[in-house]
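Here is a walk through a small protein chain, going from its overall layout to the contacts inside. Have the viewer open while you read.

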Amino acid sequence: YTTLFRSGDREEQILLGLRLNRGIPEDWLTRDPAPYIAGGFMRRANGRISLTPRGMLVSNTILAELLD
């Protein structure tokens with residue numbers, strides 16, 4: 001796919017990308033997503049992380065914690 005963001009816009013890429021089914025590369029996160037995965041709020045597949053339907057309901061809280 002085509003990159004739509006400048007390199008300085010990583011936080012925005014994370015905010016938007018986690019809400020997509022394809023998610024984001026796991027190495028974009030600086031915090032461990034394991035607690036969110038274990039809680040059913042996020043999923044890991046093929047080295048990518050995305051929010052689950054359950055995670056979408058509390059996505060603002062999760063993203064605030066991940067990007068803090």
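Starting at the N terminus, the elements of the chain run α-β-α-β-β-α-α. That comes to 4 helices and 3 strands. Keep in mind that this is a predicted model. The chain has 68 residues, and 31% of them count as buried. Its accessible surface is about 4,600 Å², with 52% of that belonging to carbon and sulfur atoms. As for how the chain folds back on itself, take the contacts between residues at least 6 apart in sequence: 39% of these join residues at least 24 apart.

**The sheet**

The strands make an open sheet of 3, in the order β1-β3-β2, with antiparallel pairing. β1 and β2 (42–45) are the edge strands, each pairing on one side only. Between β1 and β3 (residues 48–51), which run antiparallel, there are 2 bridges. If you want a spot to zoom in on, Pro25 has Arg48 in β3 as its bridge partner.

**Helix α1 and its neighbours**

Helix α1 covers residues 10–17, and its buried residues are Gln13, Ile14 and Gly17. Looking down the axis of α1, you find these buried residues within an arc of 100 degrees, so they line one face of the helix. What do the buried residues of α1 pack against? Their partners are β1 (24–25) and α4 (59–67).

**The core**

In soluble globular proteins, nonpolar side chains tend to be buried together. Here the largest nonpolar core has 12 residues, among them Ile14, Leu18, Ile24, Trp28 and Met42. Two elements, β3 and α4, give two or more residues to this core. The biggest giver is α4, with 3 residues.

Two core members are worth a click. Leu29 sits in the loop between β1 and α2, and at a relative accessible area of 12% this loop residue is buried, because the cut-off is under 20%. Setting aside residues up to four places away in sequence, Leu29 touches Ile14, Ile24, Ile49 and Leu66. Of these, Ile49 is 20 residues away from Leu29 along the chain, yet their C-alpha atoms are separated by 9.1 Å. The other one is Tyr36: with the same kind of sequence neighbours left out (up to four places away), Tyr36 touches Phe41, Met42, Ile62, Glu65 and Leu66. Leu66 therefore turns up in the contact lists of both Leu29 and Tyr36.

**The salt bridge**

How many salt bridges does a search of the whole structure find? The count is 1. Side chains of opposite charge can pair when their charged atoms come close. In this case the side chains of Arg44 and Glu26 meet, at 2.9 Å from N to O. Arg44 belongs to strand β2 and Glu26 to the loop between β1 and α2 (34–38), so the pair ties together parts that are 18 residues apart in sequence.

Are the two partners buried, exposed or in between? Both Arg44 and Glu26 count as partly exposed. The table puts their values beside that of Leu29 from the core.

| Residue | Relative accessible area | Class |
|---|---|---|
| Arg44 | 43% | partly exposed |
| Glu26 | 25% | partly exposed |
| Leu29 | 12% | buried |

Note that Glu26 and Leu29 are both placed in the loop between β1 and α2. In that loop, then, Glu26 is partly exposed, whereas Leu29 is buried.

Terms used
Residues numbered from 1 in each chain as written. Predicted model: local features only at pLDDT ≥ 70, side-chain atom pairs only at ≥ 80, totals over all residues. Heavy atoms only, no water. Buried < 20%, exposed > 50% of the residue type's maximum accessible area, 1.4 Å probe, protein only. Arc of directions from axis to C-beta. Contact = heavy atoms within 4.5 Å. Pairing = 2+ DSSP bridges. Core = buried A, V, L, I, M, F, W, Y, C linked by side-chain atoms within 4.5 Å. Salt bridge = Lys/Arg side-chain N within 4 Å of Asp/Glu carboxyl O. Areas by Shrake-Rupley, 256 points an atom, 1.4 Å probe, with all protein chains shown as cover.
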